[in-house]
Amino acid sequence: MLDLAIIGGGPAGLTAGMYATRGGLKSVVMFEKGLPGGQITSSSEIENYPGIAEEVTGMELMEPWPKQCMKFGLKHEMKEVVRVSKKDDIFEILLSGDEKVEAKSVIVATGSTPRRSNVKGEDKFFGRGVSTCATCDGFFYKNKEVAVLGGGDTALEEALFLANICSKVYLIHRRDEFRASPVTVEKVKKCDKIELILNSQVEEIVGDNMGVTGVKVVNKDGQKRELEVPGIFVFVGMDVNNSILKDENGNFICEVNESGNVVVNLKMHTSVDGLFAAGDIRIDAMKQVVCAAGDGAVAGIQALEYVNH
Ligand code: FAD
Ligand code: NAP
C-alpha cells in the first residue's frame, strides 16, 4: 500500500513528489510512462523559468529535476497508468499489463497534449519552427513574420499576442467564421498586423535542416499560396490527458469542466477526498512550467496532510 501515487512526471508531478517525500511520506511512487520531464522537454528554448537566466532547451531545464526531486525518497516507475478508482478509502491504480497498485492518496499530473493538425511537415519541424506555445516561443520571432493555424479563442488570442512581437501574423483558418468569442474576433479584425487567410487549409509546412522556411496554403477554390515564414503556431485545440479518471463505463470519477479539465480548489483538492490534481490538467491552468511546479508543491503538501490525518 503506497502512501501516495503520483501520475505523471512533468514539472507538476516531480515537484509534488519532492514536497511529499521531503515532508515525510515514506512510500511515494511517481508513475511516468516515459522519461521524467514532461512536455517542456520538446521545447527548443525556454527563457521564462525564474532563476534560469540563460536560454536553455526544455531538456536542459528539466535535466536536474529528477535527481533533486527523488533525493528524499520519491521513486519513479516507468509505467503507464490506465485507470484510477476508489473503493472505501483506498485508491486502486490500474497499470498497463493489468498490474494493480493500491494507494492511500493520488495526485494526477498527467498534463495536456496540444492537438496536432496532422499537416504534412508538422511532426518533422515540431520544436524547430512549429510551436504550440506563443507565450514561450513568440519572442524568438521578434520583428519576423509568422503564421497561426486555428480559429478558436486560443488561436485568435495568441495571434493578438504575437502581433505585439512579430512584424506580421498570417492567421489561417479553414472556415470564414471563427469559433472564438465575438469580442476577440473584433480585436483581431481591427489589428493591422494580422492578415486573415480564411477558407484555407495548410497543405504543407516546408523547411530545411535549420527549421521551417514556409507554409503552403490552399483555399477552398483551389488557389495556392506559399507564405515565407520561419514559424507557424498551431492552435487547433488541446487534449486534456484525463482518460485515467474515467471508470469502466466512461464516467469521470471526479468533477471535470466542459473541456475535461479537473475541477480543483486552491489547495488542488478534487471533488474526491484524497485525490488531487496539479498542472495543465486542472481548471484555469496557466500552462507554464513555473505554475505547474507551484501546483505540484501545493498538491504534495496537501497529500501529506491528508495521509497523516
Ligand atoms: P506535462 O509536462 O504535460 O507532464 C505530464 C506527464 O504525464 C508527461 O510526462 C506524460 O508522459 C505523463 N503522463 C500522461 N499520461 C500518463 C499516464 N496515463 N501514465 C503515466 N504517465 C502519463 N511553459 C513555460 O513555462 N515556458 C515555456 O517556454 C514553454 N514552452 C513550451 C513549448 C512547447 C513546445 C510546449 C508543448 C509547452 C511549453 N510550455 C512552456 C508549457 C509547459 O510545458 C507546460 O505548462 C508544463 O509542462 C505542464 O506541466 P505538467 O506537469 O502539468 O504536465
Ligand atoms: P477550439 O475552440 O477547439 O478551436 C480549435 C480551432 O482549431 C477551431 O477553429 C477549429 O476549426 C480549428 N481546427 C481544429 N482542427 C483543425 C485542423 N486539423 N486543421 C485546421 N484547423 C483545425 O480550441 P481552443 O481555441 O484551444 O479552445 C479550447 C477551449 O478553451 C474552448 O472552449 C475555448 O473557448 C476555451 N478558451 C477560452 C478562452 C477565453 O475564454 N478567453 C481562451 C482560450 C480558450 P473549426 O472552427 O472549423 O472547427
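Q: How does the span expected for the 12 residues of H1 agree with its end C-alpha atoms?
A: In this predicted model, the 12 residues of H1 should span 16 Å at 1.5 Å a residue, and the end C-alpha atoms are 16 Å apart, which agrees.

Q: And is H1 enclosed or exposed?
A: H1 is largely enclosed by the rest of the structure, because 10 of its 12 residues are buried. Among the buried ones are Pro11, Ala12, Gly13, Leu14 and Met18.

Q: What do those buried residues of H1 pack against?
A: They pack against E1, strand E2 (28-31), H2, H3, E6 and H7.

Q: What about glycine 24, just after H1?
A: Glycine 24 takes a positive phi of about 125° there.

Q: OK, over to H7, what span should that helix have?
A: Helix H7 covers residues 289-308, and at 1.5 Å a residue its 20 residues should span 28 Å; the end C-alpha atoms are 29 Å apart, which agrees.

Q: Which residues in H7 are buried?
A: The buried residues of H7 include Val289, Ala292, Ala293, Asp295 and Gly296, and further along Gln302, Ala303, Leu304 and Val307.

Q: What covers them?
A: The cover for the buried residues of H7 includes helix H1 (11-22), helix H2 (58-62) and helix H3 (65-69), together with strands E1 (2-7), E6 (100-108) and E17 (275-277).

Q: Now ligand 1, how many residues surround it, and which are the closest?
A: Ligand 1 is surrounded by 31 residues, of which Glu32, Asn48, Cys136, Asp280 and Val289 are the closest. The two helices discussed above take part as well, since H1 and H7 each supply at least two residues of that shell.

Q: What lies 2.9 Å from an oxygen atom of ligand 1?
A: An N or O atom in the side chain of glutamine 39 is 2.9 Å from an oxygen atom of ligand 1, and a polar backbone atom of aspartate 280 is also 2.9 Å from an oxygen atom of the ligand. A polar backbone atom of alanine 12 is 3.0 Å from an oxygen atom of ligand 1. Ligand 1 has 1000 Å² of accessible area on its own, and the protein covers 94% of that.

Q: How does its shell divide into nonpolar, polar and charged?
A: The shell around ligand 1 holds 12 nonpolar, 13 polar and six charged residues.

Q: And ligand 2, which residues come nearest?
A: Of the 15 residues around ligand 2, Asp153, Thr154, Glu157, Arg175 and Arg179 come nearest. Helix H5 (residues 153-163) gives the most to that shell, with three residues, and the shell as a whole divides into three nonpolar, seven polar and five charged residues.

Q: Which polar side-chain atom lies 2.6 Å from an oxygen atom of ligand 2?
A: That atom belongs to aspartate 153. In the side chain of arginine 174, an N or O atom is 2.9 Å from an oxygen atom of ligand 2, while glycine 151 has a backbone N or O atom 3.0 Å from an oxygen atom of the ligand. Taken alone, ligand 2 exposes 910 Å², and the protein buries 65% of that.

Q: Last one, where is valine 185 found, and does it count as buried or exposed?
A: Valine 185 is found in helix H6 (residues 182-190), and it counts as buried because its relative accessibility is 10%.

Q: What does valine 185 touch?
A: Not counting residues up to four places away in sequence, valine 185 touches Leu156, Phe178 and Ala180. Leucine 156 is 29 residues from valine 185 in sequence, yet the two are 7.1 Å apart in space, C-alpha to C-alpha.

Notes:
Residues numbered from 1 in each chain as written. Chains lettered and ligands numbered in written order. Predicted model: local features only at pLDDT ≥ 70, side-chain atom pairs only at ≥ 80, totals over all residues. Heavy atoms only, no water. Near = heavy atom within 4 Å. Polar contact = N/O pair within 3.5 Å; in protein donor to acceptor, adjacent residues only side chain to side chain. Areas by Shrake-Rupley, 256 points an atom, 1.4 Å probe, with all protein chains shown as cover. Helix = DSSP H or I, 4+ residues; strand = E, 2+ residues; numbered from the N terminus. Nonpolar A, V, L, I, M, F, W, Y, C, P; charged D, E, K, R; others polar. Expected span 1.5 Å × (residues − 1). Buried < 20%, exposed > 50% of the residue type's maximum accessible area, 1.4 Å probe, protein only. Contact = heavy atoms within 4.5 Å.
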